[in-house]
Amino acid sequence: MNPLNILLIGLGNMGKVHKRVIENNESTNLYGVVDTSFKKKHEIVDGIEYFNDFNLVNFDDGLIDGVVISSTTNTHYEIAKQFLERNIAVFLEKPISIDKSEIEKLLILASSQETIFRCGLIETYNPIFQYIKGLNLNDIISVHIYRHSQPVAGQRKLENVLFDLTLHDISVLGYLFGNPDLQPIGQNLNLVQNSIESADLLYTFEGKNIFISTSRESQIKIRKWDILTKNKLYQIDLVQKSIDIYESGTVNFTPTNLLNSKVNHSRLSFVNHIETAQIQLNAFINNIHQNKLDENHLEIVKYAHDVIYNISDE
């Protein structure tokens with residue numbers, strides 16, 4: 001089977017990740033790259049076409065099997081729409097749009113055209129969360145989530161922290177728990193120059209408490225989940241790619257002492273697992289080969305964006 005020709009649009013931070021995994025995957029061929037920063041309108045280097053204008057690409061020559069769109073969010077809708085209308089498979093970085101109507105239009109278009117459409121909710125492919133999902137935990141008491149980053153450089157054109165960071169964790173909740181009906185209990189949003197840069201959110205569903213803390217005002221990068229069940233605590237560190245598992249100990253009171261029994265501890269490392277970005281690309285490749293929409297994925301995409309829209313509207 002011949003490699004799929006993939007066009008990459010946008011060569012920012014995530015665009016560079018997409019370029020690397022496309023080039024390193026035996027099932028894909030990097031057909032071309034579009035980025036407005038290129039000085040030349042068009043050139044071919046080592047068999048790869050480079051364009052500085054999206055409109056210079058010939059979409060109708062039948063050579064493009066799929067497109068990965070990693071441009072700025074305000075360009076997503078128009079670019080994705082043109083490819084979906086031509087029945088070319090689309091992988092679109094998150095967020096799809098900050099305009100709720102645009103994501104709805106793209107989802108309807110993909111469905112009516114029966115064209116492959118995926119979104120870059122990369123954490124839903126993380127082997128750590130695939131492991132957690134496989135445990136089928138049914139005695140969860142609470143989930144505490146921390147996703148903190150340092151302040152964003154002024155030249156990076158990112159949306160507010162809800163669309164930039166919180167969206168990841170909402171999508172994982174959707175993946176793990178079947179798009180749960182999150183009931184908001186409270187929230188605190190910190191605005192800097194009219195942009196939400198930190199958010200603390202408290203939800204509940206089916207007796208579980210969910211606390212989400214996301215920030216772009218931190219001094220260090222934090223990516224952690226604590227999942228507390230009746231018998232175990234799962235401490236997930238996405239930066240270290242590990243899960244620490246603590247089994248319940250007990251506390252006993254005596255007339256003279258407070259005694260804590262030893263807590264059993266184990267650690268799982270996911271350092272040597274396949275890169276999450278590669279797993280994500282493989283899912284896109286499989287969709288193209290099967291020529292079938294991934295309805296479960298698209299439900300998570302809609303769910304995660306809807307939750308964020310609801311926070312933004314409050």
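Here is a quick tour of this protein, from its overall build down to a few residues worth finding on screen. Keep in mind that the model is predicted. The protein has seven helices and 17 strands. Its radius of gyration is 22 Å, close to the 20 Å that the globule rule gives for 314 residues, so the protein is as compact as a globular protein of that length.

**Overall build**

- Along the principal axes, the C-alpha atoms take up a box of roughly 85 × 45 × 40 Å.
- Of the 314 residues, 49% are buried.
- If you count contacts with a separation of 6 or more, 65% of them join residues 24 or more positions apart.
- The protein exposes about 16,200 Å², and carbon and sulfur atoms supply 47% of that area.
- On the charge side, there are 28 positive and 38 negative charges, and the mean positions of these two sets are 5 Å apart.

**Helix H1 and its cover**

- Helix H1 runs over residues 13–23, and its buried residues are Gly15, His18, Lys19, Val21 and Ile22.
- An α-helix has 3.6 residues a turn, so residues three or four places apart point the same way.
- Strands supply much of the list of what covers those buried H1 residues, including E1 (4–9), E2 (28–34), E4 (48–51), E5 (66–69) and E6 (89–92).
- Helix H6 (276–290) is also part of the cover over the buried residues of H1.

**Nonpolar cores**

- In soluble globular proteins, nonpolar side chains tend to be buried together.
- The largest nonpolar core here has 71 residues, and the members touching the most others are Phe83, Phe117 and Trp225.
- Helix H5 (residues 161–177) gives this core its largest share, ten residues.
- A second core, separate from that one, has 20 residues, among them Val33, Ile116, Ile285 and Ile288.
- Phenylalanine 117 is a good one to click on: leaving aside neighbours within four places in sequence, its contacts include Leu84, Val90, Leu92 and Ile96.
- Also in contact with phenylalanine 117 are Leu106, Leu107 and Ala110, along with Leu293, His297 and Leu298.

**Backbone oddities in loops**

- The peptide bond from lysine 94 to proline 95 is cis, with omega near -15°.
- Proline 95 sits in the loop between E6 and helix H3 (100–113).
- Asparagine 87 is not a glycine, yet its phi is positive, near 60°.
- You'll find asparagine 87 in the loop between helix H2 (73–85) and E6.
- With a relative accessible area of 49%, asparagine 87 counts as partly exposed.
- Glutamate 206 also has a positive phi, about 50°, without being a glycine.
- The loop that holds glutamate 206 links strand E10 (195–205) to strand E11 (208–215).
- Glutamate 206 is exposed, because its relative accessible area is 70% and the cut-off for exposed is over 50%.

**Aspartate 294, a long-range neighbour**

- Aspartate 294 lies in the loop between H6 and helix H7 (295–313).
- Its relative accessible area is 24%, so aspartate 294 is partly exposed.
- Aspartate 294 and isoleucine 116 are 178 residues apart along the chain, but their C-alpha atoms are separated by 7.8 Å.
- Which residues does aspartate 294 contact, leaving aside its neighbours within four places in sequence? They are Arg118 and Asn287.

Conventions: Residues are numbered from 1 along each chain as its sequence is written. This is a predicted model: local features need pLDDT of at least 70, side-chain atom pairs count only at pLDDT 80 or more; totals for chains, interfaces and linings use all residues. Side-chain values use heavy atoms; hydrogens and water are left out. Helices (H or I, at least four residues) and strands (E, at least two) are DSSP runs, numbered from the N terminus. The radius of gyration is taken over C-alpha atoms; the globule rule is 2.2 Å times the number of residues to the power 0.38. Buried means under 20% relative accessible area, exposed over 50%, partly exposed in between (1.4 Å probe, protein chains only). Contact means heavy atoms within 4.5 Å. Accessible areas come from the Shrake-Rupley method with a 1.4 Å probe; for residues, only the protein chains shown count as cover. Lys and Arg count as positive and Asp and Glu as negative; His and the chain ends are not counted. The place of a charge is taken as NZ of Lys, CZ of Arg, CG of Asp or CD of Glu. A nonpolar core is a set of buried Ala, Val, Leu, Ile, Met, Phe, Trp, Tyr and Cys residues joined through side-chain atoms within 4.5 Å.
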